[in-house]
Amino acid sequence: YVTSSDIYKMRGGRGTPPIVDLLLTLLTGGFWLYYWDWRVGKEIAELQAHYGLPVQDSSILYLILDILGAGPIAGLGIIVPLLQQSSLNVIYERARGAGH
């Protein structure tokens, strides 16, 4: 929820509100998180471009890792969030330096 909220705010309120992601995750038994991981990859790439960072669209990588067991439902579910957080940390630093 926090990651969704942060991305939603950084995108100026565009996209899916975090509460919708949370509700869809609960309603689908967690399967929404596969789509969510893919979408976050796209949103991270958009934010990288916005802040003048090298763009790396990892959406397909996140989805493949999810399918291979490194995603939200399998036991290795920490890998994809770590990759996402690493990319977001760079964006946060750039945004802070830009006064946003």
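Lys-42 is partly exposed, with a relative accessible area of 36%; in this scale, buried means under 20%, exposed over 50% and partly exposed in between, for a 1.4 Å probe and protein chains only. The model is a predicted one, in which local features need pLDDT of at least 70 and side-chain atom pairs count only at pLDDT 80 or more, while totals for chains, interfaces and linings use all residues. Residues are numbered from 1 along each chain as its sequence is written, and side-chain values use heavy atoms, leaving out hydrogens and water.

Lys-42 makes a convenient way into the charged contacts. Its side chain meets that of Asp-57 in a salt bridge (2.8 Å, N to O), a term for a side-chain nitrogen of Lys or Arg within 4 Å of a carboxyl oxygen of Asp or Glu. This pair links distant parts of the chain, with Asp-57 in the loop between α3 and α4 and Lys-42 in helix α3, 15 residues apart. Asp-57, at 40% relative accessibility, is also partly exposed. Helices here are DSSP runs of H or I with at least four residues, numbered from the N terminus.

A search of the whole structure finds seven salt bridges. In one of them, Arg-11 and Glu-43 meet at 3.3 Å, N to O. Arg-11 lies in the loop between α1 and α2 and Glu-43 in helix α3, so this pair ties together parts that are 32 residues apart in sequence. Both residues are buried, and both belong to a salt-bridge network that also links Arg-14, Asp-21, Arg-39 and Glu-46. Another salt bridge joins Arg-96 and Glu-93, whose closest N and O atoms are 2.5 Å apart. These two are three residues apart in helix α5, about one helical turn; Arg-96 is exposed at 56% relative accessibility, and Glu-93 partly exposed at 48%.

Arg-11 and Glu-43 reappear around the one cavity of 30 Å³ or more. On a 1 Å grid over the protein atoms alone, a cavity is a set of points where a 1.4 Å probe fits but cannot get out, and lining residues have an atom within 4 Å of a point. The volume of the cavity, taken as the space filled by probe spheres set on the points, is about 40 Å³. Its lining divides into two nonpolar, three polar and five charged residues, and the largest share, three residues, comes from α1.

The largest pocket has a volume of about 210 Å³; a pocket is an open set with protein on both sides within 12 Å along at least five of seven lines. Of its 13 lining residues, the closest to its centre are Tyr-1, Thr-3, Ser-4, Leu-33 and Trp-36.

The largest nonpolar core, a set of buried nonpolar residues joined through side-chain atoms within 4.5 Å, has 15 residues, with Ile-7, Val-40 and Leu-88 among those with the most contacts inside it. Helices α3, α4 (59–70) and α5 each give two or more residues to this core.

Finally, three aromatic pairs are found, defined by ring centres within 6.5 Å, with planes under 30 degrees apart counted as stacked, over 60 as edge-to-face and the rest as tilted. The rings of Phe-31 and Tyr-34 have centres 6.0 Å apart and planes at 25 degrees, so they are stacked. Trp-32 and Tyr-35, with centres 4.8 Å apart and planes at 55 degrees, are tilted, and together with Trp-38 they form one aromatic cluster.

Key: Nonpolar A, V, L, I, M, F, W, Y, C, P; charged D, E, K, R; others polar.
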